[in-house]
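Dear colleague,

I am handing over the structure we spoke of, together with some notes on what was found in it. Please look at the model first and then read on.

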Amino acid sequence: MQRARSLAVVGLVLLVALAGCAQFDAGSTTATSTDAPTETAMPTAEPTPTATPTPEPTPTIDLDRGNATGTFLTDDGNVTVTLEVADEPTERSEGLMNRTHLPERHGMVFVYDGAAQRGFWMKNTLIPLDMIFVAPNGTVLNVEHARTQPNASVGELETYYSDGHAQYVVEMERGFANETGVGPGTQVELDLPEADEGESR
């Protein structure tokens with residue numbers, strides 16, 4: 001009887017031990033599968049749009065402002081450009097200030113009532129320019145290759161002068177004169193709009 005009880009206790013102990021091992025293995029398996037990467041789809045976040053910098057507005061180029069043309073008669077052939085007309089004091093004062101670009105073969109012509117020595121500077125002008133000084137008879141007196149001076153005070157600004165008495169000054173993007181062969185002695189034919197009656201320049 002005593003032996004039967006001992007066997008029963010040993011059997012019970014073995015049964016409990018086996019049950020504990022089975023539970024440990026099951027727990028271990030669960031832990032392993034939990035640590036393993038799962039195929040559960042993660043919610044996809046919408047991509048954040050990148051902020052695009054807004055470009056600075058460029059002053060509108062008014063191709064009808066005077067709607068003039070100029071034709072330079074060079075040794076390499078005729079070169080025709082479109083020109084905005086600055087024939088009023090306020091237009092001449094503003095000139096090409098604050099422009100960030102010019103279309104190809106496009107510029108401005110400053111028109112005066114008479115001929116005199118002219119001097120120009122680059123205050124608030126952001127584009128390097130060729131300043132083409134023209135006599136009343138259409139002969140180019142000289143070309144000045146003007147550079148920008150964005151941070152210069154009035155006293156530091158370089159002044160570009162005509163070599164003689166100019167009635168017209170044509171401004172084109174710097175490099176135009178060298179590319180086309182425009183220089184002193186070149187003839188230019190300006191096709192300017194008629195001034196309104198009573199309108200003064």
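The notes below go from the overall fold to the salt bridges, the pockets and finally one arginine.

Please keep in mind throughout that this is a predicted model. The protein has three helices and nine strands, and, read from the N terminus, these elements follow one another in the order α-β-β-α-β-β-β-β-β-β-α-β. Of its 201 residues, 32% count as buried, while the accessible surface comes to about 13200 Å², with 53% of that area belonging to carbon and sulfur atoms. Among the contacts with a separation of 6 or more, 69% are made by residues that stand 24 or more positions apart.

Turning to charged pairs, the count comes to two salt bridges. In one of them, the side chains of arginine 99 and glutamate 84 meet at 3.0 Å, N to O. Arginine 99 sits in the loop between helix 2 (89-94) and strand 3 (106-116), whereas glutamate 84 belongs to strand 2 (residues 77-86), so the pair ties together parts that are 15 residues apart in sequence. Both arginine 99 and glutamate 84 are buried.

The other salt bridge joins the side chains of arginine 147 and glutamate 158, at 3.5 Å, N to O. Here arginine 147 and glutamate 158 both lie in the loop between strand 6 (140-146) and strand 7 (160-161), eleven residues apart. Are these two buried or exposed? Neither word fits, because the relative accessibility of arginine 147 is 43%, which counts as partly exposed, and glutamate 158, at 34%, counts as partly exposed as well.

As for the pockets, the largest holds about 240 Å³ of space and is lined by 16 residues, of which Arg92, Ser93, Phe110, Phe120 and Trp121 lie nearest its centre. Helix 2, strand 3 and strand 4 (119-120) each supply at least two residues of this lining, and helix 2 gives the most, with three. Sorted by class, the lining of the largest pocket has eight nonpolar, four polar and four charged residues.

The second largest pocket holds about 150 Å³, and its lining consists of Pro103, Glu104, Arg105, His106, Met172, Glu173, Arg174, Gly175, Phe176 and Glu179. The elements that give two or more residues to this lining are strand 8 (166-173) and helix 3 (176-180). By class, the residues around the second largest pocket divide into three nonpolar, two polar and five charged.

One residue of that second lining, Arg105, may reward a separate look. Arginine 105 lies in the loop between helix 2 and strand 3 and is partly exposed, with a relative accessible area of 38%. Which residues does arginine 105 touch, leaving aside those up to four places away in sequence? They are Val79, Thr80, Val81, Thr82, Met172, Phe176 and Thr180, and of these Met172 and Phe176 also appear in the lining of the second largest pocket. The C-alpha atoms of arginine 105 and valine 79 are separated by 8.8 Å, although the two residues are 26 residues apart along the chain.

With best wishes

Key: Residues numbered from 1 in each chain as written. Predicted model: local features only at pLDDT ≥ 70, side-chain atom pairs only at ≥ 80, totals over all residues. Heavy atoms only, no water. Salt bridge = Lys/Arg side-chain N within 4 Å of Asp/Glu carboxyl O. Helix = DSSP H or I, 4+ residues; strand = E, 2+ residues; numbered from the N terminus. Buried < 20%, exposed > 50% of the residue type's maximum accessible area, 1.4 Å probe, protein only. 1 Å grid on protein atoms, 1.4 Å probe; cavity = no way out; pocket = protein on both sides within 12 Å on 5 of 7 lines; lining within 4 Å. Points joined across faces, edges and corners; volume = space filled by probe spheres on them. Nonpolar A, V, L, I, M, F, W, Y, C, P; charged D, E, K, R; others polar. Contact = heavy atoms within 4.5 Å. Areas by Shrake-Rupley, 256 points an atom, 1.4 Å probe, with all protein chains shown as cover.
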